[in-house]
Amino acid sequence: MKYISRYINVISLREVAVIGGGFVGSFTSWQLARKGINVTLFEEHDEIGYPPHCTGLVSISGLQRLGIYDLLKRQGAILNKIRSATFMTSSGRRFIAELPEPIAVIVDRPALDRIIASKAIDNGVEVNLRTRVTHVSPSGELRALSGDNGLVKRRYKVIVDAEGPARLLIRGLPGVNMKGLLPAFQQDIRGESNRFLDTSSVLVYFNLPDFFSWIVPIDNSGRKWRIGLASRQYSSKLLAVAKSLTRTFFKNISTIRRFGGIVVSGGPIKKFVWGKIAAVGDAAGQVKPTTGGGVTFGGLSALILSRVIQLHLDFEAPLQYYESIWRKLFRTNFQAMLLIRRIYNMLTHAGIDALARFIPRNILNNFKTDFDFQLEGILSKLR
Ligand SMILES: Cc1cc2nc3c(=O)[nH]c(=O)nc-3n(C[C@H](O)[C@H](O)[C@H](O)COP(=O)(O)OP(=O)(O)OC[C@H]3O[C@@H](n4cnc5c(N)ncnc54)[C@H](O)[C@@H]3O)c2cc1C
């Protein structure tokens, strides 16, 4: 009997497996389930959203375009609103971009993942926690090790890899690289700012050779702050730099928690699709190389992928459409952001300071930006 049920498990073709219950995996699962597709989500940890690794700074327009801003507001996952940014060179020269309206928010990141995973579950997604996927193949076979059920072996019509930046499952497939993955460190503190920081502003500090440090106000109390930094070149000194930043900018400090992560700054990998496997989110490098922000782009990519999977299951449309549509929409933008990152990485601190001297301090006055590249029409059709 045991043999028969295992056999049935192997041969019955299920619809879609999603690996990873981070934001992108959960969001993709939800979007697929809304389209009536049978989805099984695998998450190796025993809780969605943990351990956290993200700062949670996300543009309001990005969340609106994903259709989740009001949902997050209703569920109390918006911790703070941001309407200005200070960019500071290593010698202390500052440029301020101030806006009349808030443009971004600090999202409670574990709550975001949980809220989206709940939406997925409400729409019928089967979530397997404590289940680590150990192998996927382009033929649709998936193997996993489950804390509850032992070894699981199944076949799927599509496997979505949303495992995050480590790319362990797809590492050996053509076009997958590990470029621009930066060790990161964050520290949440209680303390009073003794500098120019305020509760609706983020600081971007160009004090590292291959990325930057940042300080965000977690809420508007003026007492809770998140200090973060990412760097490969300074990877062994992240804690020391964070401590020094904390001492420089705050007084009466107590540490709430410290946590790490991997910032993706190398841009998209060369391919997103291999047979029945499709990668999305950090696994596919769909993260802004300039800032390391991946929530909006991961979500937009999930919208494209879920629509293509629907067309694939209903009409046998090739999964490769996902790759082609993505490149058509985002390639130019990503190439520009990669160029900025490469130029920054080539400059020394002294070089950046020298350049900054030629830039008027008020250059960012009336700064306007659109994170979403006039994609409205196309995206509304994908939702
Ligand atoms: C320090 C730091 C700060 C950041 N700040 C921001 C920010 O302010 N704004 C922003 O937009 N972006 C930010 N990002 C980027 C953002 O966190 C990611 O782009 C986003 O989380 C991508 O989500 P994801 O679902 O692709 O990957 P992840 O959130 O990494 O989720 C992957 C999930 O897959 C699970 N998993 C992995 N392997 C397996 C397996 N084999 N089997 C089962 N489960 C598995 C993991 O447990 C995890 O839950 C930051 C990143 C870092 C590291």
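## Exercises on a two-domain model

In strand β7, I106 is the residue that bridges to L57. Helices (H or I, at least four residues) and strands (E, at least two) are DSSP runs, numbered from the N terminus. This is a predicted model, where local features need pLDDT of at least 70, side-chain atom pairs count only at pLDDT 80 or more, and totals for chains, interfaces and linings use all residues. Residue numbers start from 1 along each chain as its sequence is written.

**Exercise 1.** Work out which strands stand at the edges of the open sheet.

*Solution.*
- Start with the pair β3 and β7 (residues 104-107): three bridges join them, and they run antiparallel. Strands pair if DSSP finds at least two bridges between them.
- Next, write down the order: three strands, β3-β7-β4, with antiparallel pairing.
- Now read off the edges: β3 (57-59) and β4 (78-82) each have a single partner strand, so one side of each is left without a neighbour in the sheet.
- For the geometry, the twist averages 35° from one strand to the next. Axes here are lines fitted to C-alpha atoms, for helices over the stretch in contact, and angles run from 0 to 180 degrees between N-to-C directions.

**Exercise 2.** Describe the contact between domain 1 and domain 2.

*Solution.*
- Get the bounds, which come from an automatic or database domain assignment: domain 1 is 2-56 + 108-178 + 267-345, and domain 2 is 63-107 + 180-265 + 347-383.
- Their C-alpha centres lie 27 Å apart.
- Domain 1 puts 31 residues into the contact and domain 2 puts in 32, with contact meaning C-beta atoms, placed from the backbone, within 7 Å.
- On the domain 1 side, α5 (109-122), α7 and α8 (320-346) are the elements giving two or more residues.

**Exercise 3.** Find where the largest nonpolar core lies relative to the two domains.

*Solution.*
- Pin down the term: a nonpolar core is a set of buried Ala, Val, Leu, Ile, Met, Phe, Trp, Tyr and Cys residues joined through C-beta atoms within 7 Å. Buried takes 20 or more other C-beta atoms within 10 Å of a residue's own, exposed 12 or fewer, and partly exposed is in between; C-beta atoms are placed from the backbone.
- The largest core has 99 residues, and V16, V160, A278 and V280 have the most contacts inside it.
- Helix α7 (residues 295-315) supplies the largest share, nine residues.
- Both domains give residues to this core, so it lies between them.
- Zoom in on V280: not counting residues up to four places away in sequence, its contacts include V24, V160 and L305.

Definitions and conventions: Two residues are in contact if their C-beta atoms, placed from the backbone, lie within 7 Å.
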